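Biologist: Let us go through the labels in this model one by one. I will ask what stands behind each of them.
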Amino acid sequence: MENHVAGGLLILALNGTGILGSLATRGLAPSTGMVTGALVFVVGVLGTIGALAAASLTAFYVAAVVSGFGFGAAFLGAMATVTQGVDAGERAGLLSAVFTVSYLAFSLPAIAAGLAIGPLGLTTTAEVYGAVVVALALTAVAGLVRDRRPVPVTGG
């Protein structure tokens, strides 16, 4: 994308709707927010892959909005889960560790994708990266849903 304004607006679409996703789901139970957000995020990532295949800038922006909203909702649920029951005086240290690990979790795959663009090309790299992100998000959803189901008690 050569137009820096258009690129900046894309980042705004993604991050701005992340804020909206957090605000819209703040009343949900954290696990519900994570599941809902992850599923919306999956739709957005699939939309991104589709927009790239169709070479549609409009669809790309729409997918960014959907992805951002879902990420914001899921992230709020995750942060609420992580900090649940943690004393106020301990939260800063905990969140520092969480954000350090999160930034590594985001940056290392991004660096790998950047290196893959040379041999694979941007579109193929984005498609593979998106497919992995979708698989991981759906795995997280499956784990969250599984953990919410009551475990049957067997007599012994």
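Modeller: Start with A51, which sits in helix α2. A helix here is a DSSP run of H or I with at least four residues, a strand a run of E with at least two, both numbered from the N terminus. The model is predicted, with pLDDT of at least 70 required for local features and 80 or more for side-chain atom pairs, while totals for chains, interfaces and linings use all residues. Residues are numbered from 1 along each chain as its sequence is written, and side-chain values use heavy atoms, leaving out hydrogens and water.

Biologist: Why is A51 called buried?
Modeller: Its relative accessible area is 3%. Buried means under 20%, exposed over 50%, partly exposed in between, with a 1.4 Å probe and protein chains only. A51 falls under the first cut-off, so it is buried.

Biologist: Which residues does A51 contact?
Modeller: S56, A59 and F60, leaving aside neighbours within four places in sequence. Contact means heavy atoms within 4.5 Å. V132 is 81 residues from A51 along the chain, and their C-alpha atoms are separated by 17 Å.

Biologist: What makes M79 buried?
Modeller: M79, in helix α3, has a relative accessible area of 14%. That is under the cut-off, so M79 counts as buried. Beyond neighbours within four places in sequence, M79 touches L95, V98 and F99. The C-alpha atoms of M79 and V98 are separated by 8.8 Å, with the two positions 19 residues apart along the chain counted as their spacing.

Biologist: Is L104 buried, exposed or something in between, and how do you know?
Modeller: Its relative accessible area is 46%. That lies between the two limits, so L104 is partly exposed. L104 lies in helix α4. From R91 it is 13 residues away in sequence and 20 Å away in space, C-alpha to C-alpha.

Biologist: And T125, buried or exposed?
Modeller: Buried, because its relative accessible area is 7%. T125 is part of helix α5. Its contacts are A113, A116, I117 and L120, not counting residues up to four places away in sequence.

Biologist: What is unusual in the backbone of A55?
Modeller: Its phi is near 55°, a positive value in a residue other than glycine. Most residues other than glycine have a negative phi. A55 belongs to the loop between α2 and α3.

Biologist: Why does A55 count as exposed?
Modeller: Its relative accessibility is 70%. The limit is passed, so A55 is exposed.

Biologist: How do helices α1 and α3 cross?
Modeller: The axes of α1 (residues 4-24) and α3 (residues 57-83) come within 6 Å and cross at roughly 35°. Axes are lines fitted to C-alpha atoms, for helices over the stretch in contact, and angles run from 0 to 180 degrees between N-to-C directions. The crossing is right-handed. That label means the near helix is turned clockwise from the far one by less than a right angle; anticlockwise would be left-handed.

Biologist: Which residues make that contact?
Modeller: On α1, they include A6, L10, A13 and T17; on α3, they include F60, A64, G68 and L76. By class, the contact has 14 nonpolar, 8 polar and no charged residues. Ala, Val, Leu, Ile, Met, Phe, Trp, Tyr, Cys and Pro count as nonpolar, Asp, Glu, Lys and Arg as charged, and the others, Gly among them, as polar.

Biologist: What is the volume of the largest pocket?
Modeller: About 2000 Å³. A pocket is an open set of points on a 1 Å grid, where a 1.4 Å probe fits, with protein on both sides within 12 Å along at least five of seven lines; lining residues have an atom within 4 Å of a point.

Biologist: What lines the largest pocket?
Modeller: Of its 50 lining residues, F41, F71, F106, Y129 and V133 are the closest to the centre. α3 gives the most, with 12 residues. The lining has 38 nonpolar, 12 polar and no charged residues.

Biologist: How many helices and strands does the chain have?
Modeller: 5 helices and 0 strands. Of the 156 residues, 25% count as buried. The C-alpha trace spans about 60 × 40 × 30 Å along its principal axes.

Methods. Grid points are joined across faces, edges and corners, and a volume is the space filled by probe spheres set on the points.
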